[in-house]
Amino acid sequence: MLAMMMQTFLQFSEERLAKMVEEANSGNVPEVASIAHSLKSSARQLGALALGEACAVTESAGKAGQKAVALEGVTAIQREFAAAKPWLKSLAGEP
């Protein structure tokens, strides 16, 4: 069950991160905040706490209209996802 959850999260996260980067490049901060929100809880529930925190900061900044902080948050989310990915993949049963 855990492996299946991790596999689903990895796939979902990859798709959402790609969309987040696209929206950030377009300057669509409300959508960046929305995507960060969608990733935040799942990341935290699965133990990727630093990723969840980066998502929370980005979401808050986006909702507060702090465009620069929200856009910087996209980079932080990418960095934290890259750091968590090997651990998530190992739990998903992937090499």
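What follows is a chat between a student and a tutor about reading helices and their packing in a predicted model.

Student: Before we start, what should I know about the model and its numbering?

Tutor: Residues are numbered from 1 along each chain as its sequence is written, and side-chain values use heavy atoms, with hydrogens and water left out. The model is predicted, and local features need pLDDT of at least 70, side-chain atom pairs count only at pLDDT 80 or more, while totals for chains, interfaces and linings use all residues.

Student: Okay. How do people describe two helices that pack together?

Tutor: Two packed helices are described by the angle between their axes and the distance between the axes. Helices here are DSSP runs (H or I, at least four residues), numbered from the N terminus. The axes are lines fitted to C-alpha atoms over the stretch in contact, and angles run from 0 to 180 degrees between N-to-C directions. Now the case here: helix α1 covers residues 2–26 and helix α2 covers residues 29–45, and the two pack at about 160 degrees with axes 9 Å apart. That makes α1 roughly antiparallel to α2. The cut-offs are under 35 degrees for roughly parallel, over 145 for roughly antiparallel, 65 to 115 for roughly perpendicular, and oblique for the rest.

Student: And which hand does the crossing of α1 and α2 have, left or right?

Tutor: A crossing is left-handed if the near helix is turned anticlockwise from the far one by less than a right angle, and right-handed if clockwise. The crossing of α1 and α2 is left-handed.

Student: Which residues of α1 and α2 meet?

Tutor: Contact means heavy atoms within 4.5 Å. On the α1 side, the residues include Phe9, Phe12, Ser13 and Glu23, and on the α2 side they include Glu31, Val32, Ile35 and Leu39. The residues of this contact divide into 10 nonpolar, three polar and four charged. In that count, Ala, Val, Leu, Ile, Met, Phe, Trp, Tyr, Cys and Pro are nonpolar, Asp, Glu, Lys and Arg are charged, and the others, Gly among them, are polar.

Student: Let's zoom in. Is Glu23 buried or exposed?

Tutor: Buried means under 20% relative accessible area, exposed means over 50%, and partly exposed is in between (1.4 Å probe, protein chains only). Glu23 is in helix α1, and it counts as buried because its relative accessibility is 11%. Not counting residues up to four places away in sequence, Glu23 touches Asn28, Glu31, Val32 and Ile35. Ser13 also lies in α1 and is buried, at 1%. Leaving aside neighbours within four places in sequence, Ser13 is in contact with Leu39 and Phe81.

Student: What about Ala3?

Tutor: Ala3 sits in α1 too, but with a relative accessible area of 29% it is partly exposed. Its C-alpha and that of Glu94 are separated by 8.9 Å, though the two residues are 91 apart along the chain. Beyond four places in sequence, Ala3 touches Leu91 and Ala92.

Student: Where is Leu88, and what does Leu88 contact?

Tutor: Leu88 is in helix α4, residues 67–91, and counts as buried, at 0% relative accessibility. Setting aside neighbours within four places in sequence, Leu88 is in contact with Met6, Phe9, Leu10 and Phe81.

Student: How does the span of α2 compare with what is expected?

Tutor: The expected span of a helix is 1.5 Å times one less than its number of residues. With 17 residues, α2 reaches 25 Å from its first C-alpha to its last, close to the expected 24 Å. Just after α2, Gly47 takes a positive phi of about 95 degrees. For α3, 15 residues reach 21 Å, close to the 21 Å expected, and α3 is followed by Gly65, with a positive phi near 75 degrees.

Student: Which helices do the buried residues of α2 pack against?

Tutor: They pack against α1, α3 (49–63) and α4. The buried residues of α2 include Val29, Val32, Ala33 and Ala36.

Student: Then how do α2 and α4 pack?

Tutor: Their angle is about 40 degrees, with axes 10 Å apart. That makes α2 oblique to α4, and their crossing is left-handed. Val29, Val32 and Ala36 in α2 meet Lys67, Ala70, Leu71, Val74 and Ile77 in α4. The residues of this contact divide into seven nonpolar, no polar and one charged.
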